[in-house]
Structures are given as structure tokens and as C-alpha cells.
Amino acid sequence: MRLIQFNSGLRVVLKDVQQHQTEPSSSSSSSQRYYLTTQPLPHHSSNSSIATTSSSSKSNASISTNEYYIHRQNLSSTQSTIYHPCSPIKTPPVVNAIPSSTLVVENRRDKSDSGHVNIRDDDEGHLIYVPGDILHHQYEIRRTLGEGTFGKVVEVRDLRGDGSTRLALKIIKNVEKYREAARLEINVLKTINEKDPDGVNLCVALLDSFDYYGHICIAFDMLGLSVFDFLKENNYIPYPIDQVRHVSYQLCLAVKFLHEIALTHTDLKPENILFVNSDYNIVYNHRKRRDERVVRRTDIKVIDFGSATFDWEHHSTIVSTRHYRAPEVILELGWSQPCDVWSVGCILFELYLGFTLFQTHDNKEHLAMMERILGSIPYRMAKQSKKTKYFYHGRLDWDERSSAGRYVRENCKPLRRYMVSDEPDHQQLFELIEKMLEYDPKRRITLVDALRHPFFERLLPEQRISDLPSVANTSSKS
């Protein structure tokens with residue numbers, strides 16, 4: 001018999017009741033049933049703890065002031081009964097059965113640094129926390145900022161110094177594949193810190209990393225909303241052309257730097273471009289009769305290097321989020337830095353118009369959209385592709401009369417027809433996008449040349465980042 005102490009103060013006595021010796025000994029010892037009884041017990045003390053989701057009881061006594069029995073019935077006759085020293089007590093009658101699925105035993109890891117919550121994970125591997133918990137004796141959790149397949153991002157207060165510094169802490173799931181991806185990301189971030197210690201190349205800097213009971217944690221500066229989240233909260237009203245120019249310029253600089261140090265980001269998308277500060281003004285649009293948000297400063301940082309790949313590392317067959325995936329990736333022709341340039345071109349389009357260029361989740365439909373917007377896929381690429389089922393005699397096998405064919409025809413049009421103005425700025429932007437969305441990665445514009453494009457000539461002097469340090473010992477060119 002053992003006395004169990006709940007976090008809430010509730011105590012229970014756990015008693016092993018053996019079956020008669022004539023029971024078959026082959027019965028599984030793991031088969032257990034739990035019962036909650038109503039008889040109050042004398043007061044005992046215990047250091048054990050257990051968590052339960054059950055709160056039902058038919059007792060007239062208060063749960064907060066009484067103790068109860070839990071009987072554990074083992075079918076194995078070989079297991080010894082364990083007794084905790086206490087006063088002799090008669091076994092009370094069973095009143096309410098608690099299914100084993102409703103009992104959640106606390107993970108017996110150490111207490112959290114804040115001392116009041118047991119460290120445990122949910123079913124998906126996320127760390128369970130509450131505001132006020134302290135991780136690594138240093139970071140006090142304030143609130144959740146976001147959640148992804150990898151884990152969660154929380155705002156924390158750095159308790160060092162005066163305790164006023166706020167940081168973003170990425171808490172990776174306690175799942176091996178995500179832990180391994182986090183280790184690779186930390187390796188990339190350390191390389192970026194080493195090559196760019198002053199952070200002038202606009203990639204987010206690694207501030208700290210540690211393993212917290214199986215959860216890899218990575219600390220960054222607190223930044224603003226992503227360019228996607230700001231767009232979403234602004235009802236997908238596109239950014240003004242001058243803001244598109246500045247964001248695009250910074251994005252090209254950041255990704256060019258990655259290419260210079262032999263990295264391909266592989267997951268560029270609006271969600272991974274964050275404003276340093278996303279404060280905004282509200283402006284009334286008289287023509288459309290609505291209020292619109294205009295971000296005050298368009299300084300950005302590129303984030304999420306969990307999929308970034310060095311030139312000498314293994315290259316996965318499929319990379320990039322669907323809408324920003326280059327044709328050579330879809331056709332499994334191999335990829336390198338030019339696949340990032342394709343993604344940048346898709347992002348520029350989205351900033352300008354407020355919606356995604358390739359709105360699909362199917363490879364063949366994706367290729368059909370490309371042909372509708374950009375023209376036919378080169379015959380050579382089609383013949384070299386491993387995806388022969390997509391082509392017939394070197395041409396995309398696509399039925400324009402099908403429902404999917406009608407969808408593509410009605411929702412896609414040649415690229416230049418998306419321009420909202422014929423002014424030079426708009427024409428220059430679409431000329432740049434066209435060069436970035438060149439099918440053949442060998443002919444696709446590099447980011448070095450993109451930064452020399454006339455579209456960026458009208459940047460304000462304070463928006464230009466000049467005299468960037470060159471990166472020595474590079475193994476690839478952008």
C-alpha cells in the first residue's frame with residue numbers, strides 16, 4: 001500500500017490486490033484497473049506525486065480535505081504487494097471506476113526551475129508550460145508567439161542583468177527527428193554568426209541554445225510580425241511599391257550572403273521574413289473607402305534555417321514549401337542555390353499583389369499553372385525529368401477541358417497581365433520577377449545581378465546597405 005500526494009494537495013492510497021493463486025499465471029501483469037473509493041483516511045505525508053484528469057466522486061466529503069483509496073488490481077500472481085507504513089485500514093467498497101486512459105502519470109523528471117510545475121510533454125511532444133515558468137535558470141516565459149510542426153516559439157524575459165530584455169525562444173518538440181533538425185539549424189546559425197558577427201547581412205542571429213529535458217531551445221532577438229502575418233492582418237492588402245522595393249532589396253542581400261557561404265535556404269517564404277518592428281500607421285483609402293495599415297519601417301530579418309543545406313551536404317529530393325517550389329525540384333532534376341531565387345521571385349509577386357502566384361497543392365497542376373503564366377516548360381527539362389508520367393512526347397500531358405484545366409485557365413494568366421499599373425516601377429519589378437522565374441536554373445538570374453537591376457535604383461539612400469564585407473573562402477557563387 002502506498003500513499004500518493006497530488007499537486008493539488010489531494011492524497012490517495014495505492015493498494016495492490018492480488019488475485020487468488022488459482023488465477024492463470026500467464027495473465028498480463030500490465031493489465032490494471034483503477035478504482036476511486038470514498039472512505040476518508042487518517043492524515044499521512046508523502047513526497048510522491050501523481051496527476052489525474054478524473055474529478056468525479058460520489059463521496060459527500062470534500063475532495064480538497066479528504067484522502068481516498070485507489071485500488072490497483074494486478075492479474076499476475078507473481079508480483080509482490082507493496083505496502084507503505086500506515087495505520088491498519090479495511091478495504092472500502094468500490095464506488096467509482098477510473099479508466100486507465102484517464103490517469104496521466106507525471107513524467108518523473110526534475111521540477112522546473114520555477115519550482116512549481118513538473119516538467120512534462122503533451123502527446124505531440126510539446127513542452128507543457130505556463131507563463132511564469134523559468135527555463136534554464138534564465139528565461140521566464142511570458143506568452144506563446146506561435147506554433148509549428150517543429151514546436152513552439154515563446155516570448156521570454158532574460159533574467160540576467162536588469163531583467164528587462166525580451167527574447168524569442170524556439171522550443172523544439174521532444175521528438176528525435178525535430179531535435180536532430182534543431183541541431184543542424186544551430187550549426188547553420190553558428191556559421192552565420194561566425195561569417196557575419198555584426199549581423200549586417202540581415203539573417204537572424206543565434207543568441208543562445210541549450211537542451212531542456214529533451215527540448216532543444218534556441219534564443220533569438222524579439223522581432224515583429226512576418227511579412228505574411230502583417231499582410232493577413234491587413235486583409236491581404238498588398239504592400240506599396242516602395243515598400244516592396246525595400247523588402248525585396250533586403251531579401252536579395254540576405255539570401256546572396258547565404259549563397260556566398262555555400263548555403264541554400266530551401267524554405268524561403270513570406271512567413272520566414274520578419275519585420276524588425278511591425279508597428280504601423282492607419283491610413284484611410286478614399287478610393288476604396290477603407291482603413292489600411294501601413295508598416296512604419298520595412299527593415300527585415302530572414303529566419304528559419306532548419307532546412308538550410310550546405311553545398312557538400314546531402315540534398316533532399318523535395319525542398320521548399322509548395323507555392324514557392326522551383327520547377328527543377330518538382331521535376332526531380334536536382335537543385336542548388338537557384339531554387340532560392342525562384343522562391344524570391346514568388347515572394348516579390350505576393351508582396352506586390354497580396355496573394356500567392358501558384359495556388360495549388362498538386363504537382364501536375366502546379367506545372368500547368370507555370371505554363372499558363374510563364375509559357376511552355378523547356379523540352380530538355382521535360383525529357384530529363386524522372387517524372388515521365390507528367391509528360392507526353394516532351395510536352396505536359398494536361399487536359400484543359402477537365403475541371404482542373406478550367407480552374408487553371410480561369411485563375412491564371414500571363415505574368416505581365418497581373419500588373420496593376422504600367423508605370424516604370426511596376427514594369428521593372430515584373431521584369432525582375434520574370435528573370436527570377438526562368439525555368440532553367442542555369443539561366444536564372446543570380447542575386448548578385450538582381451541587386452544591380454534598375455528596380456532598385458530608386459531606393460532611398462538610408463535604405464541602401466553599402467560596403468558589405470566580402471565573405472572569404474566561399475565555395476559557391478550566388
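Leaving out residues up to four places away in sequence, Q138 touches R157, D158, L159, R160 and D208. That is one corner of a predicted model, whose protein chain has 10 helices and 21 strands. Of its 478 residues, 48% count as buried. Among contacts between residues at least 6 apart in sequence, 67% join residues at least 24 apart. Here is a quick tour, topic by topic.

**Around Q138**

- Q138 is found in the loop between β8 (134-135) and β9 (139-147).
- Although Q138 belongs to a loop, this residue counts as buried, because its relative accessibility is 11% and the cut-off for buried is under 20%.

**Around N174**

- N174 is also a loop residue, placed between β11 and α1 (176-195).
- With a relative accessible area of 25%, N174 is partly exposed.
- The side chain of N174 makes a polar contact with the side chain of D121, at 2.9 Å.
- Y212 is 38 residues from N174 along the chain, and the C-alpha atoms of the two are separated by 9.4 Å.

**Around K170**

- K170 lies in strand β11, which covers residues 165-172.
- UniProt lists K170 under "binding site", and the entry is an unreviewed one.
- K170 counts as buried, at 8% relative accessibility.
- Setting aside neighbours within four places in sequence, K170 is in contact with F150, K152, V153, E185, I216, C217, I218, F220 and D304.
- One of these contacts, E185, also takes part in a polar contact: its side chain pairs with the side chain of K170 at 3.0 Å.
- Another, F150, offers the face of its ring: K170 lies over that face, at 4.6 Å from the ring centre.

**Aromatic pairs**

- A search of the whole structure finds 16 aromatic pairs.
- W342 and F358 form a stacked pair, with 6.2 Å centre to centre and 15 degrees between the planes.
- W342 lies in helix α5 (residues 338-353) and F358 in the loop between α5 and α6 (363-374), so this pair ties together parts that are 16 residues apart in sequence.
- Both partners are hidden from the probe: W342 is buried, with a relative accessible area of 0%, and F358 counts as buried at 0% relative accessibility.
- Ring pairs also link F349, Y352, F355, Y418 and F430 into a cluster.
- Y418, a member of that cluster, has a charge over its ring as well: the charged end of K413 sits 5.0 Å from the ring centre.

**Cysteines**

- The structure holds 0 disulfides.
- C203 counts as buried, at 4% relative accessibility.
- C252 counts as buried too, at 0% relative accessibility.
- A further cysteine, C217, appears among the residues in contact with K170.

**Pulling it together**

- For side-chain polar contacts, there are K170 with E185 at 3.0 Å and N174 with D121 at 2.9 Å.
- For charges over rings, there are K170 with F150 and K413 with Y418.
- For burial, K170 at 8% and Q138 at 11% count as buried, whereas N174 at 25% is partly exposed.

Definitions and conventions
Residues numbered from 1 in each chain as written. Predicted model: local features only at pLDDT ≥ 70, side-chain atom pairs only at ≥ 80, totals over all residues. Heavy atoms only, no water. Phe/Tyr/Trp six-rings, centres within 6.5 Å; stacked < 30°, edge-to-face > 60°. Helix = DSSP H or I, 4+ residues; strand = E, 2+ residues; numbered from the N terminus. Buried < 20%, exposed > 50% of the residue type's maximum accessible area, 1.4 Å probe, protein only. Lys NZ or Arg CZ within 6 Å of the ring centre and 35° of its normal. UniProt positions renumbered as here; feature names shortened; annotations may be inferred. Contact = heavy atoms within 4.5 Å. Polar contact = N/O pair within 3.5 Å; in protein donor to acceptor, adjacent residues only side chain to side chain. Disulfide = S-S within 2.5 Å.
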